[in-house]
Each structure stands twice: as C-alpha cells, then as structure tokens.
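This report describes the fold, the strand pairing and the nonpolar core of the protein shown below.

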Amino acid sequence: MSGRISRLLFSASLVAVLSGCSSLGFGGDKQPATQVTVQPQADNGSASVPVGAATPAAPAAGGAYVAGKCPQVVVRDEGSVHQVYKGAKTDPQQLSYQASLVQATRQCTTNGTSLNITVVAQGRLVSGPAGMPSAVNLPIKVEVMDGEKVLYTDTTSFPLTMPPGESTTQFLYTDSKVTTTGGSGGFTQVVVSFDQGGAQKTKQPVKKKKK
C-alpha cells in the first residue's frame, strides 16, 4: 500500500513540475514536435511567445517572426540504463546499483535567434545485491540531433541520494540550459540518455608515406 502511495505522490509532483511549464507534455518516444512562433524581443526586453499557434500572428512593425519546431524528446533503449558494479560485470551479485530513465518531456522558448529547450526526465534508482553508497552521481547526457548531426551535447553529473532504509527511489532530472539555433526542422530530436563512456573511437586509416 505504501508503495502505491509513494508512486501516486511522485506522479503528483511530476504533474506539478509540468504544469509550471506552458508547453510541456509527456509523450515519451511518441511525442511529436510542436510549432513555436515567436515575436522578437521588444525594446523593453519583453517577448511575446504564443506557443503551439497553428498560424503565426502578423509581425509587429519593423519586426520579423521566427517560426520553427520544438523538437520531440526521445529516451532511447540503448542509453536508458546505467549500471555500476563492485566486481565483475558478468556477476549479477556484484551489481552495486542500477539507474534507469523512463520518459522525458520538454519546453521550448526563443529570443528570436536561438531556441532554448528545458528538458525534464523521469527516472528510477535501485540498489543492487552488492549494496550501494548513500549518494551517487548519474552521468546524464542531453543531445540535440538533426539526423546524424549533433547540434548540441552536454553531460551532467547528476547527484542523487538514496533515502535511508530504502532500496529504490524515483527522481526528476531538469536541464534548462539546452540551446540550439531557432527554426529547427521536423527531423530534429532531443535525445536523453546515460553517458555510457568508454566508447571506442573509429580508427582512421594509416597513410603510407611515399618513398
């Protein structure tokens, strides 16, 4: 019963976070890109940002509008799990802890030139058979991809504490510093994952010296 209550409380906190963002909406991998139409900042520093408008409003005198997409956010299976072992990775009993990313959402704003994306990801931390420290750091990576082209990438060491006496906890990760150019196309995606590290670099062919 207590587990069900904790899940309900966590869901309520998630709703509270999302309700504070005008264009956030959970949809996981199925979340579509949404239209963002923004008027450039006025002289007094204020900006008019009608989000989700189907048709841009008429631009103010002397100003041009920037129309683009708020990219969909994706949590890919291959980067959704982070495992740390105390011993051999081939022995499940040596697992210290496992973290997983479940789903994510985003909010987009712009100043007329660049697109700022606030990403919120929901995750879960579970202690393993080998036991885990009370505090850990999770390497969470956020990338903005246009096909195979990386427009933005950043990895944050996210501190997380396991509540005393508990073996599992849920968490929310928020990154509000994601920035890319305005007018992103429909193929642009925000990818949230754990930085697995140790990726092998592609070896470049050795050029033979001419004799």
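**Overall architecture**

The protein contains one helix and ten strands. The model is a predicted one. Read from the N terminus, the order of elements is α-β-β-β-β-β-β-β-β-β-β, which places the helix ahead of the strands.

Of the contacts between residues at least 6 apart in sequence, 70% link residues at least 24 apart.

**The S7–S8 hairpin**

Strand S7 covers residues 135-146 and strand S8 covers residues 149-161. The two strands are antiparallel and are joined by twelve bridges. One of the paired positions is Leu-138, whose bridge partner in S8 is Phe-158.

Two residues separate S7 from S8 in this hairpin. Within the turn, Gly-147 adopts a positive phi of about 70°.

**The nonpolar core**

The largest nonpolar core comprises 29 residues. Those with the most contacts inside this core are Ile-117, Leu-125, Leu-138, Ile-140, Phe-171 and Val-192. Seven strands are each represented by at least two core residues: S3 (72-75), S5 (95-110), S6 (114-127), S7, S8, S9 (168-181) and S10 (188-194). Leu-138 thus appears in two settings, as the bridge partner of Phe-158 and among the core residues with the most contacts.

**Burial and surface**

Buried residues account for 34% of the 211 residues in the protein. The exposed area of the protein is about 12600 Å², and carbon and sulfur atoms contribute 53% of that area.

Technical notes. Residues are numbered from 1 along each chain as its sequence is written. This is a predicted model: local features need pLDDT of at least 70, side-chain atom pairs count only at pLDDT 80 or more; totals for chains, interfaces and linings use all residues. Side-chain values use heavy atoms; hydrogens and water are left out. Two strands pair if DSSP finds at least two bridges between them. Helices (H or I, at least four residues) and strands (E, at least two) are DSSP runs, numbered from the N terminus. A nonpolar core is a set of buried Ala, Val, Leu, Ile, Met, Phe, Trp, Tyr and Cys residues joined through side-chain atoms within 4.5 Å. Buried means under 20% relative accessible area, exposed over 50%, partly exposed in between (1.4 Å probe, protein chains only). Contact means heavy atoms within 4.5 Å. Accessible areas come from the Shrake-Rupley method with a 1.4 Å probe; for residues, only the protein chains shown count as cover.
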